[in-house]
Protein chains: 2
Amino acid sequence: MLSALANPHRLRIMATLKAEGRSYVSQLARQVGISRPLLHLHLQKLEEAGLVTSQMELSPDGKALNFFAVADFAVELTPDLLVQAAATLSARSE
Amino acid sequence: MLSALANPHRLRIMATLKAEGRSYVSQLARQVGISRPLLHLHLQKLEEAGLVTSQMELSPDGKALNFFAVADFAVELTPDLLVQAAATLSARSE
DNA sequence: ATCATGTGTCAGTAAAATCTGACATGTGTC
DNA sequence: GACACATGTCAGATTTTACTGACACATGAT
């Protein structure tokens, strides 16, 4: 999740998405100002991290649109949380 | 700050540092199990992000030891915060 | 003087993340 | 059929990040 957020484009995507409410890939690419394949890549990472949700829909004129929206989340980022997160990585002797 | 935390080694460093209370570079390198130059690099990034603090001290036998400790911080990681963070990146039309 | 231990830096390499420019596929409209 | 607009994927180039193996310097003990 942290590495998903460690990127300027992805932060901007989150911001735009939050402002727009929801948007589909091609439209969002225009809004953010990056290429569609690149956006697709970033959206993939954001979705894997559970930061955005996607939903395929059919537009009135029959086009398949993949809508994205920011997920609801709230994490208290503290040293203790990091200790907990580090434990997840892999068991180590210490 | 987010990109500083987006790395397994750095998470482990934070965890070890939190567990030990404080530690100096060479010792910490042994505890974490990575080379000293590499640790130095990571500590640099962590310190730039304000996640750790350093303090030069002289040991009883005259060696200069650079002690590191985790800083106190607490950030509520939410969509709104990200919007705020994105605004920091660079002004854009939109 | 040599050794052990500490500090930092730096050039060069290895690995990972990022980005681009195709390609393939689908639908409705001109 | 050609066009406009949507979806996705993928190979290859580029850029960042991570890492290693020196090097330089300082101190106290042998």
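Select A:Phe67 to begin: at 14% relative accessibility this residue counts as buried, the classes being buried for under 20% relative accessible area, exposed for over 50% and partly exposed in between, with a 1.4 Å probe and protein chains only. This is a predicted model, in which local features need pLDDT of at least 70 and side-chain atom pairs count only at pLDDT 80 or more, while totals for chains, interfaces and linings use all residues. Residues are numbered from 1 along each chain as its sequence is written, chains are lettered from A and ligands numbered from 1 in the order in which they are written, and side-chain values use heavy atoms, with hydrogens and water left out.

Next, add A:Tyr24, which counts as partly exposed at 21% relative accessibility. Over all chains the structure holds two aromatic pairs, where rings of Phe, Tyr and Trp (its six-membered ring) pair if their centres lie within 6.5 Å, and planes under 30 degrees apart count as stacked, over 60 as edge-to-face and the rest as tilted. The ring centres of A:Tyr24 and A:Phe67 are 5.7 Å apart and their planes stand at 75 degrees, so this pair is edge-to-face. Because A:Tyr24 belongs to strand S1 (residues 23-24) and A:Phe67 to strand S3 of chain A, the pair ties together parts that are 43 residues apart in sequence; strands (E, at least two residues) and helices (H or I, at least four) are DSSP runs, numbered from the N terminus.

Now show A:Arg22, which lies over the face of A:Phe67 at 4.1 Å from the ring centre; a charge sits over a ring if NZ of Lys or CZ of Arg is within 6 Å of the ring centre and within 35 degrees of the ring normal.

Staying with chain A, select helix H5 (residues 79-89), where A:Pro79, A:Leu82 and A:Ala86 are buried. Looking down the axis of H5(A), the buried residues fall within an arc of 50 degrees, so they line one face of the helix; the arc is that of the directions from the helix axis to the C-beta atoms. Turned away from that buried side is the face with the exposed residues A:Asp80, A:Gln84, A:Ala87 and A:Thr88.

Move on to DNA strand C, around which there are 23 residues, with A:Lys45, A:Asp61, B:Ser26, B:Arg36 and B:Asn66 coming nearest; a residue is near a strand if one of its heavy atoms lies within 4 Å of it. Of the atoms of DNA strand C that come within 4 Å of the protein, sugar and phosphate account for 67%. Zoom in on B:Tyr24, where a polar side-chain atom lies 2.9 Å from a phosphate oxygen of DNA strand C, and then on B:Arg36, where a side-chain N or O atom is 2.8 Å from a base oxygen of that strand; polar contacts here are pairs of N or O atoms within 3.5 Å. H4(A) gives the most to the surface near DNA strand C, with four residues.

Finally, select DNA strand D, where A:Ser26, A:Arg36, A:Asn66, B:Lys45 and B:Asp61 come nearest among the 23 residues around the strand. In the side chain of B:Lys45, an N or O atom is 2.5 Å from a phosphate oxygen of DNA strand D, whereas A:Val25 places a backbone N or O atom 3.1 Å from a phosphate oxygen of DNA strand D. The largest share of the surface near DNA strand D, four residues, comes from H4(B).

How values were computed: Polar contact = N/O pair within 3.5 Å; in protein donor to acceptor, adjacent residues only side chain to side chain.
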